[in-house]
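Me: I have a model open and would like to see the reasoning behind its labels. Could we go through them one at a time?

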Amino acid sequence: MATLADYGPEVRAEVKQVREVVATLHEQLIKWNLVVWTAGNVSQRLRTADLFVIKPSGVRYEYLTPGSMVVCDLDGNVVDGTEAPSSDTASHAYIYRNMPDVYGVVHTHSTYATAWAATGQNIPCGLTMMGDEFGGPVPVGPFRLIGSEAIGKGVVETLKKYPKSPAVLMQNHGPFTIGKDAEAAVKAAAMTEEVAHTMWAAKQLGDIIEIPQADIDKLNDRYQNVYGQH
């Protein structure tokens, strides 16, 4: 089994940098009320090697440091770290192996998004910000047990059907989000919870007015290609 010492200085330097990024981004999960206690995890894939960095299993957020982050290969094997990796490691690894453009994965149990997951319902696209960020509804994925790559398979299968969405609500479990890096995946997790809350509130007031797909496509194209700094 390879260890980090078997990799060159460029890879080791990136591991150090990504450990710092991933440790810091876990603070954002707390800031945006996306997790409680030790639930949830962030990972980021390296650019210089087929490795990724992920949160250790069952460690409270205030105790997370760059050094406690675990380095794994794309089969989920530990390459470096003193702690056991997240129980979702195999699923993160599966996503990275099967979605080569993805470099960040996040899992949370945020309240409103997880409520939609518990009822097996897509979050309908009734907001322009959903068109911007998700290109349609936030889809529900299949029920899968924790501890193997089965959840990762469900994420990949679902997002193939919804290629513009960076999020999927795994039924009876909670949201998984992806991105071009871990920060983008954390942003998607925060946005998922925001729209989950708003659309739940809308349902209390009456029927949701869903946006036609043609308009969603225009919103998404503008947001992805025009909005912001380039």
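Reply: Gladly. This is a predicted model, and a good place to begin is Val78, which counts as partly exposed at 34% relative accessibility. Val78 sits in strand β4.

Me: Why is Val78 called partly exposed?

Reply: Buried means under 20% relative accessible area and exposed means over 50%. Val78 has 34%, so the label partly exposed follows. As for its surroundings, Val78 touches Met1, Ala2, Val70, Val71, Cys72 and Pro85, leaving aside residues up to four places away in sequence. The C-alpha atom of Val78 is 31 Å from that of Lys161, a residue 83 places apart from Val78 along the chain.

Me: What makes Asp50 and Arg45 a salt bridge?

Reply: The cut-off is 4 Å between a side-chain nitrogen of Lys or Arg and a carboxyl oxygen of Asp or Glu. For Asp50 and Arg45 the closest N and O atoms are 3.0 Å apart, so the pair qualifies. The structure holds eleven salt bridges.

Me: Are Asp50 and Arg45 buried or exposed, and how do you know?

Reply: The two partners get separate labels. Arg45 has 11% relative accessibility, and under 20% is buried, so Arg45 counts as buried. Asp50 has 48%, which lies between 20% and 50%, so Asp50 is partly exposed.

Me: How do you know that Asp75 and Arg97 form a salt bridge?

Reply: Their closest N and O atoms are 3.9 Å apart, and the limit is within 4 Å, so the pair counts as a salt bridge. This pair links distant parts of the chain: Asp75 lies in the loop between β3 (70-73) and β4 (78-80), while Arg97 belongs to helix α2 (residues 89-98), 22 residues apart. Asp75 has a relative accessible area of 56%, and since exposed means over 50%, Asp75 is exposed. Arg97, at 33%, is partly exposed.

Me: And what makes Arg144 and Glu157 a pair of this kind?

Reply: The closest N and O atoms of Arg144 and Glu157 are 4.0 Å apart, and the pair is listed as a salt bridge. Here too distant parts of the chain are linked, with Arg144 in the loop between β6 (140-141) and α5 (150-161) and Glu157 in helix α5, 13 residues apart. Both partners are partly exposed, Arg144 at 30% and Glu157 at 41%. Elsewhere, salt bridges that share partners join Asp75, Arg97, Glu149 and Lys153 into one network.

Me: Why are α2 and α5 called oblique to each other?

Reply: α2 and α5 pack at an angle of about 40°, with their axes 7 Å apart. Roughly parallel needs an angle under 35 degrees and roughly perpendicular needs 65 to 115, so α2 and α5 are oblique. The crossing of α2 and α5 is right-handed. On the α2 side the contact is made by Ser91, Tyr94, Ile95 and Asn98, and residues of α5 including Ile151 and Val155 complete the contact. The contact residues divide into six nonpolar, three polar and one charged.

Me: What makes α3 roughly perpendicular to α6?

Reply: Helix α3 (residues 111-118) and helix α6 (residues 182-205) pack at an angle of about 65°, with their axes 7 Å apart. The range for roughly perpendicular is 65 to 115 degrees, so α3 and α6 get that description. Their crossing is left-handed. Thr111, Tyr112, Ala113 and Trp116 in α3 meet residues of α6, among them Ala196, Met199 and Trp200. This contact comprises six nonpolar, three polar and two charged residues.

Notes: Residues numbered from 1 in each chain as written. Predicted model: local features only at pLDDT ≥ 70, side-chain atom pairs only at ≥ 80, totals over all residues. Heavy atoms only, no water. Buried < 20%, exposed > 50% of the residue type's maximum accessible area, 1.4 Å probe, protein only. Helix = DSSP H or I, 4+ residues; strand = E, 2+ residues; numbered from the N terminus. Axes fitted to C-alpha atoms, helices over the stretch in contact; angles between N-to-C directions. Parallel < 35°, antiparallel > 145°, perpendicular 65-115°, else oblique. Left-handed = near helix turned anticlockwise from the far one by under 90°. Contact = heavy atoms within 4.5 Å. Nonpolar A, V, L, I, M, F, W, Y, C, P; charged D, E, K, R; others polar.
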